[in-house]
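The following exercises concern a single protein model. Each one sets a task and is followed by a solution worked in steps.

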Amino acid sequence: MAINFKELSKKYQTPYYVYDFDYISKQYNELKEAFKARKSLISYAVKANSNLSVVKHLGQQGSGADCVSIGEVKRALKAEIPKYKIIFSGVGKTDDEIKEALELDILMINVESEAELHRVALVAQGLEKIARISIRVNPNVDPKTHPYISTGLHENKFGVDLNTAKRLYIYAKNNDNLEPIGIHCHIGSQLTELAPIKESVNIVADLVRNLKSGLNIELSFFDVGGGLGIVYDDETLIDTYEYAQTVLDALFGIDITIVCEPGRFIVGNSGTFVTKVLYEKINGSKRFVIVDGAMNDLLRPSLYDAYHKVEVLEKTEDISDCNVVGPVCESGDFFAKNISLPATKHNDLIAIYSAGAYGFTMASNYNTRGRVAEIALENGEDRLIRRRETFEDLIAHEEEYLK
Ligand code: LLP
């Protein structure tokens with residue numbers, strides 16, 4: 001959908017994030033459709049974009065939620081995701097979080113270590129409940145993505161190895177307060193190659209078969225994690241149909257519901273970060289375009305050296321190399337380095353694309369900058385889904401303690 005950034009900027013001021021909700025539903029439905037041969041649950045990874053309206057919109061399409069803190073679980077519930085579609089993952093859950101998750105009666109807790117399984121059992125015992133769990137298997141497969149978003153190797157902190165997983169299933173089966181219902185594996189994010197996914201789902205599917213034949217443990221959910229990559233630049237993507245087929249092939253002969261936890265694939269390319277030019281300057285021979293957005297608003301370029309396409313709107317002339325930078329007091333505060341852009345003037349608008357995933361959710365208040373507004377576009381209509389933070393918001397939790 002063509003977005004009228006000029007109108008939106010006039011109405012909401014810059015900087016802001018704008019998300020195309022129709023695109024979000026399209027992505028959700030494409031994936032759901034790819035798995036239609038089997039029972040499946042798409043549990044959107046809330047961490048990618050946790051705005052309540054985004055999560056609610058996905059819930060309305062039928063999505064569940066993959067959450068990584070009790071805060072995200074409560075967000076999902078607030079956004080009306082049914083509790084039986086909510087999964088709680090993560091390597092470091094506190095007892096309080098486990099307790100609350102059990103009280104909220106969500107679908108399952110993804111357990112990532114032996115020690116955690118013991119805590120879940122103890123907490124469940126204290127509540128006189130049975131905890132539905134799944135074990136996250138670390139298949140030791142290299143996902144071939146950025147090391148910071150790679151999770152499926154033993155050198156990463158996530159999940160347990162195959163032997164440990166087996167032991168944990170036996171423990172869970174013999175524990176009155178645990179019910180093993182699922183198995184989980186997520187090898188990394190922004191994956192653009194199918195081979196590592198194939199390798200890992202085959203490893204995990206074999207474990208499912210072994211658990212059934214050797215130990216009589218029958219699981220109901222096979223969670224393939226998230227990780228499907230998107231186009232930021234010129235990436236070749238994994239075809240969703242082939243992706244689903246790979247999972248279906250691995251599970252041949254096993255009666256199990258497929259769970260998938262995509263984040264970026266659903267929301268990444270729905271979102272644009274819009275900022276405006278404050279000034280241009282030249283240091284020596286280096287041209288800088290200084291904009292009103294900064295690394296605290298969209299951290300990915302600074303943190304991962306991630307590429308996001310940057311475009312000056314309605315300008316095409318006088319092109320030269322520049323860095324696009326924000327007002328934050330760090331040399332790492334940039335959106336793009338050494339890119340060709342037309343000459344800009346004060347108040348020209350700049351769009352930074354593919355910013356719908358891990359954009360706002362990784363924003364901070366560094367330099368006492370309020371987090372920006374978020375806007376939804378749906379059926380040609382725009383609406384505010386999070387107001388810009390004010391100075392009062394920023395000091396709200398400190399002011400009363402001022403002596
Ligand atoms: N499931 C689990 C267990 C995860 O850890 C993640 C992402 C997902 C699902 C969703 O992955 P996705 O489909 O979005 O790739 N901040 C980084 C990405 C971190 C991903 C963390 N886990 C970035 O900006 O690239």
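**Exercise 1.** Determine how the lining of the largest cavity divides by residue class, and which helix gives the largest share of that lining.

*Solution.* In this predicted model, the lining of the largest cavity consists of seven nonpolar residues, three polar residues and no charged residues.
- Step 1. The lining residues are Cys-185, His-186, Ile-187, Leu-191, Ile-197, Ser-200, Val-201, Val-224, Gly-226 and Tyr-243.
- Step 2. His-186, Ser-200 and Gly-226 count as polar, because the nonpolar class is limited to Ala, Val, Leu, Ile, Met, Phe, Trp, Tyr, Cys and Pro, and Gly is placed among the polar residues.
- Step 3. Helix H8 (residues 194-215) supplies the largest share of the lining, namely three residues.
- Step 4. The volume of this cavity is about 50 Å³, and the structure holds one cavity of 30 Å³ or more.

**Exercise 2.** Describe the largest pocket by its volume, its lining and the residues nearest its centre.

*Solution.*
- Step 1. The space in the largest pocket amounts to about 610 Å³.
- Step 2. Its lining comprises 30 residues, and those nearest the centre are Lys-47, Thr-151, Phe-158, His-186 and Tyr-358.
- Step 3. Sorted by class, the lining of the largest pocket has eleven nonpolar, eleven polar and eight charged residues.
- Step 4. His-186 appears in the lining of the largest pocket and also in that of the largest cavity.

**Exercise 3.** Classify the packing of helix H7 against H6 and against H8 as roughly parallel or oblique.

*Solution.* Two packed helices are described by the angle between their axes and the distance between the axes.
- Step 1. Helix H6 (residues 114-127) and helix H7 (residues 162-173) have axes that come within 10 Å and cross at roughly 15°. H6 is therefore roughly parallel to H7, since angles under 35 degrees fall in that class.
- Step 2. This crossing of H6 and H7 is right-handed. On the H6 side the contact involves Glu-114, Leu-117, His-118 and Ala-121, and on the H7 side Thr-164, Arg-167, Leu-168 and Tyr-171. Four of these contact residues are nonpolar, two polar and two charged.
- Step 3. The axes of H7 and H8 come within 11 Å and cross at roughly 40°, which means that H7 is oblique to H8.
- Step 4. The crossing of H7 and H8 is likewise right-handed. H7 contributes Leu-162, Ala-165, Lys-166, Tyr-169, Ile-170 and Lys-173 to the contact, while H8 contributes Ile-203, Leu-207, Asn-210, Leu-211 and Leu-215. The contact of H7 with H8 contains eight nonpolar, one polar and two charged residues.

**Exercise 4.** State whether the crossing of H4 and H5 is left-handed or right-handed, and identify the residues that meet.

*Solution.*
- Step 1. Helix H4 (residues 70-78) packs on helix H5 (residues 95-104) at an angle of about 25°, the axes being 10 Å apart. H4 is therefore roughly parallel to H5.
- Step 2. The crossing of H4 and H5 is left-handed.
- Step 3. From H4, Ile-70, Val-73, Lys-74 and Leu-77 meet Glu-97, Glu-100, Ala-101 and Leu-104 of H5. This contact has five nonpolar, no polar and three charged residues.

**Exercise 5.** Locate the cis peptide bond from Thr-14 to Pro-15 and the positive phi of Tyr-358.

*Solution.* Most residues other than glycine have a negative phi, and most peptide bonds are trans.
- Step 1. The cis bond from Thr-14 to Pro-15 has omega near -10°. Pro-15 belongs to the loop between helix H1 (5-12) and strand E1 (16-20).
- Step 2. Tyr-358, although not a glycine, has a positive phi of about 55°. Tyr-358 lies in the loop between strand E15 (349-352) and strand E16 (373-378).

Notes
Residues are numbered from 1 along each chain as its sequence is written. This is a predicted model: local features need pLDDT of at least 70, side-chain atom pairs count only at pLDDT 80 or more; totals for chains, interfaces and linings use all residues. Side-chain values use heavy atoms; hydrogens and water are left out. Axes are lines fitted to C-alpha atoms, for helices over the stretch in contact, and angles run from 0 to 180 degrees between N-to-C directions. Helices (H or I, at least four residues) and strands (E, at least two) are DSSP runs, numbered from the N terminus. Angles under 35 degrees count as roughly parallel, over 145 as roughly antiparallel, 65 to 115 as roughly perpendicular and the rest as oblique. A crossing is left-handed if the near helix is turned anticlockwise from the far one by less than a right angle, and right-handed if clockwise. Contact means heavy atoms within 4.5 Å. On a 1 Å grid over the protein atoms alone, a cavity is a set of points where a 1.4 Å probe fits but cannot get out, and a pocket is an open set with protein on both sides within 12 Å along at least five of seven lines; lining residues have an atom within 4 Å of a point. Grid points are joined across faces, edges and corners, and a volume is the space filled by probe spheres set on the points.
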